[in-house]
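Me: I've got a model open and I'd like to check the labels people put on it. Can I throw some "why is it called that" questions at you?

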Amino acid sequence: MALNAPVLVLKDSMKRESGTKVHQANIQAAMAVADIIRTTLGPRSMLKMLLDASGGIVVTNDGNAILREIDIAHPAAKSMIELSRTQDEEVGDGTTSVIVLAGEMLHVAQAFIDKNYHPTVICRAYTKALDDALAVLDKIAMPVDVNDHGAMLGLVKSSIGTKFTGQFGDLIADLAIDATTTAGVDLGQGMREVDIKKYIKVEKVPGGQLEDSRVLKGVMFNKDVVAPGKMKRKIVNPRIILLDCPVEYKKGENQTNAELMKEEDWQVLLEMEEEYIKNLCAQILKFKPDLVITEKGLSDLAIHYLSKAGVSAIRRLRKTDNNRIAKACGAVIVNRPEELQESDVGTGAGLFEVKKIGDEFFAFIVDCKDPKACTVLLRGASKDVLNEVERNLQDAMCVARNILKNPKLLPGGGATELTVSATLKQNSSSVEGVEKWPYEAAALAFEAIPRTLAQNCGLNVIRTMTQLQGKHANGENAWVGIDGRSGDFVDMKERKIWDSYSVKAQTFKTAIEAACMLLRIDDIVSGIKKKQAPGASAPKQPQIETEGDADNEQMIPE
């Protein structure tokens, strides 16, 4: 470098925190998120009252619903909240457990970070602990017969026993099992796939009692026939045609100008429109339908021709509802009336009926022969109650879907975590090198779930945990855990307190992998510009100085 060449000096250089400080900040942020929802774990848990963005009130103990409404700036805390959302999307349950477990995994890692253990060593030990934990789950898992309604009911009931609707007994569990069994599709080898979002619709209607809720063997939607005075509102064994096109005169794609030379031409134009609609209706009526449903518009003239032929019609239905009707009654959605075939007509429905519930009309297509879609009709005192029941029902349906997909059970009440913890403690003696201590710490972290359960039951935590550890110490009594209602130590098989294998395995994987990811972060660099206060001077630009002027400045090394 030439002597007189300028050297770039950055006066306001970016502030960087050391790796250890960043780890500590991340761990504290993750633990803060875990502490928010720790009290919502278990059947005797607390509820949280939330004010949402629109000013409404949400009362719930669902981990995902609570964290979804929280606005947190720290990036590590944000990634923890994402865990809950991921868990909810994947398996639909265990949203609180995954946050509590991930927070505890990071908490026990803090001691090793303080002792200058490298995060990679801790992550390696955690990954080994995860593999061993999943092996323990496979060992203690119990197969379940998905056709045994009693066993299914017990599992779903124990999974939602911690929720608000646990007080209503078998009601929500029955609804969830009926809905998922109806909408399930056989994949072979005893496996079934259930698409809850597409083919199970939850319709909330305020009024009545929660006990009036039921699963319809078909679908319902918030629509009335287009001409109530002229069209029938009740049809037994209807022939249903579903359309995805407008039954009205076709409009031009672009702006169209028509020049009429004679007065009679206007009449010809109108007659052409009428003829077009008449042909459309003739093509539909050729198949003798009782009900025509379209996602698009239906002109007045088409309504006239259809009602004259004694056909009921519904227009502007949502595409998702139309798909559900097709699955329920065996119809095929047709894009053009001229392409209609006899096989496209749905004949599987037993009854079409329009009923008035409250102030609104609802159309029911029910008593279907072999429906592959259904609607769950929820009744309740208020919208707040219905919203919470819907959240609980979604969890229950996800649990039922998980069992149908992977029919294996594990003990609930913290018994699984205690068994995993005891096994990992025994295995830790065979782990060599510095990974032994983080591996042992991971074993202790699994005890966070039963400890939190005991805490939320109002038990003496130290005495309870000591007794439970004693029962699980030798790897036996794998089914002994805490009954969250009474606080007793009981055999989970006898009390029928179960957990789904899919939920538990997903909880362990998500929590440990997320903890490893956060431990690997050694720096947080912000790319957000701070807003300048009004009246403040503009930030200084980096200055170019010569070497002679830069003796006392910190120079960037070559």
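Me: Which residues of helix α11 are buried, and what makes a residue "buried"?

Reply: In α11, residues 319-329, the buried ones are Asp 321, Asn 322, Arg 324, Ile 325, Ala 326, Ala 328 and Cys 329. Buried means under 20% relative accessible area, exposed means over 50%, and partly exposed is in between (1.4 Å probe, protein chains only). Helices here are DSSP runs of H or I with at least four residues, strands are runs of E with at least two, and both are numbered from the N terminus. Bear in mind that this is a predicted model: local features need pLDDT of at least 70 and side-chain atom pairs count only at pLDDT 80 or more, while totals for chains, interfaces and linings use all residues. Numbering starts from 1 along each chain as its sequence is written, and side-chain values use heavy atoms, leaving out hydrogens and water.

Me: What comes right after α11?

Reply: Gly 330, with a positive phi near 80°.

Me: Where do non-glycine residues have a positive phi?

Reply: Asn 237 is one of them, at about 45°, and Asp 367 is another, at about 55°. That's worth a look because most residues other than glycine have a negative phi. Asn 237 is in the loop between β10 (234-236) and β11 (240-243), and Asp 367 sits in the loop between β16 (360-366) and β17.

Me: Is Asn 237 buried or exposed, and how do you know?

Reply: Its relative accessibility is 53% and the exposed class starts over 50%, so Asn 237 counts as exposed. Ala 53 passes that cut-off too: its 85% is why it's called exposed. You'll find Ala 53 in the loop between β2 (48-51) and β3 (57-60). Its C-alpha is 7.8 Å from that of Glu 69, 16 residues along the chain.

Me: What about Ser 421: buried or exposed?

Reply: Buried, because 1% is under the 20% limit. Ser 421 belongs to helix α13 (residues 415-427). Leaving aside residues up to four places away in sequence, Ser 421 touches Ala 443, Leu 444, Phe 446 and Glu 447; contact means heavy atoms within 4.5 Å.

Me: How do you know whether Cys 368 is in a disulfide?

Reply: You'd need a pair of cysteine sulfur atoms within 2.5 Å. The nearest cysteine sulfur to that of Cys 368 belongs to Cys 329 and is 6.4 Å away, so Cys 368 is in no disulfide. The search of the whole structure turns up 0 disulfides. Cys 368 does count as buried, because its accessibility is 8%.

Me: Why is strand β17 called mostly covered?

Reply: 7 of its 7 residues (374-380) are buried. At 0%, Cys 374 falls under the cut-off, so it counts as buried. Cys 374, Val 376, Leu 378 and Gly 380 are buried on one side of β17, and Thr 375, Leu 377 and Arg 379 on the other.

Me: What makes two strands a pair, and which strands pair with β17?

Reply: DSSP has to find at least two bridges between them. Strand β7 (residues 200-206) has 7 bridges to β17, running parallel, so the two pair. Strand β8 (residues 214-216) has 3, in the antiparallel sense, so β8 and β17 pair as well. Leu 377 of β17 stands opposite Glu 203 and also opposite Arg 214.

Me: Which strands are the edge strands of the β4-β18-β21 sheet, and what makes them so?

Reply: β4 (142-143) and β21 (498-500), as each pairs on one side only. This is an open, antiparallel sheet of 3 strands. β18 (residues 408-411) joins β21 through 3 bridges, with Leu 410 opposite Asp 499.

Me: How many residues of each class make the contact of α4 with α14?

Reply: There are 9 nonpolar, no polar and 1 charged. Leu 101, Glu 104, Met 105, Val 108 and Phe 112 of α4 meet Trp 437, Pro 438, Ala 441, Ala 442 and Ala 445 of α14. Ala, Val, Leu, Ile, Met, Phe, Trp, Tyr, Cys and Pro count as nonpolar; Asp, Glu, Lys and Arg as charged; the others, Gly among them, as polar. Glu 104 is therefore the charged one.
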